[in-house]
Each structure stands twice: as C-alpha cells, then as structure tokens.
Amino acid sequence: MILVITPETIVLNEVKIINQMFYDGLDLLHIRKPWISREEMAGFISSIHEQFYGQLVLHSHYDLGQDYGVSRFHFREEDRKNGKYKPFMNRDIISTSVHEITAYNTLEKEWEYAFISPLFPSISKKGYGIDSTVMESLKQRNNPDVKLIGLGGIDSSRIHEVFELGVDGVALLGTIWESDEPLNVFRKCKKNVPL
C-alpha cells in the first residue's frame with residue numbers, strides 16, 4: 001500500500017499532480033492542510049476527480065466528509081488520546097499516528113491503520129528523526145488487528161528496506177513534494193513497492 005500526504009501549504013499544480021498520482025496507482029491521499037479554512041478545503045477537495053473521493057483521508061474539516069462522500073478520517077496522537085475520534089467509530093474508517101511501537105501495540109481494532117514515524121530522518125522537517133530508534137523497535141510489533149504504515153524520510157531507494165521490516169505500507173511526503181518532479185518520484189516509489 002502506498003499513501004501520499006499533502007504538504008501543509010498549497011503547492012503549484014498540486015491537485016493536477018494528485019489526480020495523476022491516483023491514475024498512476026496511488027492507494028490513499030491524506031489531506032493534511034491545517035491552516036486552510038473550511039471553504040478552501042472544500043475547494044481543494046472539489047478539484048480532485050470525484051472518482052477518487054473514496055480514497056481521500058481528511059485530517060481536518062471532518063464535516064466535509066458527508067458533502068463529498070469521504071469516509072476516511074485521520075486523528076493525531078493527541079486527538080486519539082482525548083477521544084476526538086469516538087463519533088467516527090463503527091461508521092467510518094479511522095487511522096491515527098504513533099511514534100513508538102508500544103503505543104501501536106495497544107491500539108484497538110477500530111483503527112484501520114497507524115502511521116509510525118520517523119523511520120528515517122525527515123525530508124520535509126530538517127533535523128527531525130535523526131536519532132530515531134523506531135526502525136529497530138519494529139521487531140516488537142505484536143498487534144495483529146491494525147495495519148502499520150511507515151512514515152518519515154522514505155524515498156524510492158528505501159522503500160524495499162521498509163517493507164522488509166514488515167510494514168503494511170508506506171506514507172510519502174517530503175520525497176514527493178520537495179522534488180522538482182513529484183510525479184516521476186511517485187512513479188519510482190510505486191515501482192519499488194514489493195508485490
């Protein structure tokens with residue numbers, strides 16, 4: 001499984017690139033735009049081809065899900081801990097983020113998957129994840145109910161290594177959006193995902 005997370009700010013030709021990534025085999029797009037208004041978010045979603053709405057995951061403005069037939073919602077670790085996700089249980093597909101394997105291992109089966117990060121030093125957040133031990137800790141995974149998605153510093157040359165650690169998918173952010181050729185980078189990453 002290959003997921004892409006949007007950059008926080010709008011990028012030139014972003015939606016055009018997103019639509020093409022879907023045509024090229026993108027599984028899910030996480031829309032993470034914490035600074036945009038509800039109206040801007042509605043405009044952003046409207047620009048994505050309607051046939052892909054079922055593959056969108058909202059990180060905010062969850063109420064727009066009903067307007068666009070989006071039933072996938074992502075909750076930060078903090079929002080998971082304070083129960084913000086509870087109204088979405090049992091009727092929607094929910095995901096979350098963790099930063100250590102012990103937190104992942106305790107997730108209940110209502111979570112479809114969890115991002116675990118950072119696996120490598122971040123591409124988009126300079127200096128973040130340099131001393132991370134998340135990779136080594138993956139051996140302690142013992143949660144059979146929740147898929148595990150690797151995140152952080154993953155590029156086309158590291159995808160195979162990440163899957164060998166037993167993750168169920170990868171999430172890409174910096175490698176795509178920090179590139180001058182995001183579509184070519186996505187295609188290269190997609191090609192390196194083991195079947």
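Contact here means heavy atoms within 4.5 Å. The model is predicted: local features need pLDDT of at least 70, side-chain atom pairs count only at pLDDT 80 or more, and totals for chains, interfaces and linings use all residues. Residues are numbered from 1 along each chain as its sequence is written, and side-chain values use heavy atoms, with hydrogens and water left out.

**Exercise 1.** Find where Ser179 lies and describe its surroundings.

Solution. Start with the chain: Ser179 sits in the loop that runs between helix H8 (174–177) and helix H9 (182–191). Helices are DSSP runs of H or I with at least four residues, numbered from the N terminus. Next, list its partners: setting aside residues up to four places away in sequence, Ser179 touches Gly174 and Val185. Finally, look at the side chain, which reaches the backbone nitrogen of Glu181 at 2.8 Å.

**Exercise 2.** Decide whether Ser179 and Asp79 are buried or partly exposed.

Solution. First, the cut-offs: buried means under 20% relative accessible area, exposed over 50%, and partly exposed in between (1.4 Å probe, protein chains only). Ser179 has a relative accessible area of 22%, so Ser179 is partly exposed. Asp79 counts as buried because its relative accessibility is 7%. Asp79 belongs to helix H4 (residues 77–81).

**Exercise 3.** Name the contacts of Asp79 and of Met21, leaving out residues up to four places away in sequence.

Solution. Take Asp79 to begin with: its partners are Lys84 and Tyr85. Then turn to Met21, which is in contact with Val4, Leu26, Ile176, Trp177, Leu183 and Phe186.

Terms used: Helix = DSSP H or I, 4+ residues; strand = E, 2+ residues; numbered from the N terminus. Polar contact = N/O pair within 3.5 Å; in protein donor to acceptor, adjacent residues only side chain to side chain.
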